[in-house]
Amino acid sequence: MSKQFAFDLRLARKKSGLMQRDVAQLLGVAQATLSDLENGRYRPSIEHICTLSLIYGRNFEQFFAEILGEAREQLRGRITEISHIGSQGADGLRREATLQKLEERLAAEEGSDEMG
């Protein structure tokens, strides 16, 4: 987990005026778990992400842009490892089209991240 995400999470809590124990109770976790989140030692579950977005009034992509960016980067690396020599026939064509669309989407999202 990156230090920037942990910093943003801590900053959002402080701006909200909530204490760690308040947010921990709202999340349904121990205060130590929230501390680990805010210090980058623990990656939040999807349930935690959704709940934190609701608590702080931020949409998922805005609040977790850094995590999404990391996921995009990892996916771009993994997609190059997939053999583009696939099976023949309709399934092979669909597979290639799906991989191509994924690459295009990732490239478009990267471009919009750099502009925003």
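**Exercise 1. Orientation of α1 and α3**

α1 and α3 are oblique to each other in this predicted model; determine which angle and axis distance describe how α1 and α3 pack, and which residues of α1 and α3 meet.

*Solution.*
Step 1. Two packed helices are described by the angle between their axes and the distance between the axes.
Step 2. For α1 and α3 the angle is about 125 degrees, and the axes lie 7 Å apart.
Step 3. Angles of 65 to 115 degrees count as roughly perpendicular and those over 145 as roughly antiparallel; α1 and α3 are therefore oblique.
Step 4. The α1 side of the contact consists of A6, L9, R10 and R13, which meet L34, L37 and E38 of α3.

**Exercise 2. Orientation of α2 and α3**

Classify the pair α2 and α3 as roughly parallel, roughly antiparallel, roughly perpendicular or oblique, and state which residues of α2 and α3 meet.

*Solution.*
Step 1. The axes of α2 and α3 cross at roughly 105 degrees and come within 8 Å.
Step 2. The range of 65 to 115 degrees counts as roughly perpendicular, and α2 and α3 are therefore roughly perpendicular to each other.
Step 3. From α2, the residues Q20, R21, V23, A24 and L27 meet Q31, L34, S35, L37 and E38 in α3.
Step 4. S35, a residue of helix α3, has a relative accessibility of 19% and so counts as buried, the cut-off being under 20%.
Step 5. Apart from neighbours within four places in sequence, S35 is in contact with Q20 and R41.

**Exercise 3. The two faces of α4**

Identify which residues of α4 are buried, which exposed residues lie on the face turned away from them, and which helices the buried residues pack against.

*Solution.*
Step 1. H48, I49, L52, S53 and Y56 are the buried residues of α4.
Step 2. Viewed down the axis of α4, these residues fall within an arc of 135 degrees, so they line one face of the helix.
Step 3. I46, E47 and L54 are exposed on the face of α4 turned away from the buried side.
Step 4. The buried residues of α4 pack against α1, α2 and α5.
Step 5. As an individual case, H48 has 11% relative accessibility and therefore counts as buried. Not counting residues up to four places away in sequence, H48 touches L27, V29 and Y42.
Step 6. After α4 comes G57, with a positive phi near 65 degrees.

**Exercise 4. The largest nonpolar core**

Determine how many residues the largest nonpolar core has, and which elements give two or more residues to this core.

*Solution.*
Step 1. The largest nonpolar core has 15 residues, and L9, L27, L52, Y56, F63 and F64 have the most contacts inside it.
Step 2. Two or more residues come from each of α1, α2, α3 and α4.
Step 3. For L9, with neighbours within four places in sequence left aside, the contacts are L37, E38, L52, Y56 and F63.

**Exercise 5. Geometry of α6**

Find what span α6 reaches from its first C-alpha to its last, and where its buried residues lie around the axis.

*Solution.*
Step 1. With 17 residues, from 65 to 81, α6 reaches 25 Å, close to the 24 Å expected at 1.5 Å a residue.
Step 2. I67, R72 and I79 are the buried residues of α6. They cover an arc of only 140 degrees around the axis, which puts them on the same side of α6.
Step 3. E73, T80 and E81 are exposed on the other side of α6.

**Exercise 6. The chain as a whole**

State how many helices and strands the chain has, and what percentage of its residues is buried.

*Solution.*
Step 1. The chain has seven helices and zero strands.
Step 2. Of its 116 residues, 27% are buried.
Step 3. Among contacts with a separation of 6 or more, 50% join residues 24 or more positions apart.

Terms used. Residues numbered from 1 in each chain as written. Predicted model: local features only at pLDDT ≥ 70, side-chain atom pairs only at ≥ 80, totals over all residues. Heavy atoms only, no water. Helix = DSSP H or I, 4+ residues; strand = E, 2+ residues; numbered from the N terminus. Expected span 1.5 Å × (residues − 1). Buried < 20%, exposed > 50% of the residue type's maximum accessible area, 1.4 Å probe, protein only. Arc of directions from axis to C-beta. Core = buried A, V, L, I, M, F, W, Y, C linked by side-chain atoms within 4.5 Å. Contact = heavy atoms within 4.5 Å. Axes fitted to C-alpha atoms, helices over the stretch in contact; angles between N-to-C directions. Parallel < 35°, antiparallel > 145°, perpendicular 65-115°, else oblique.
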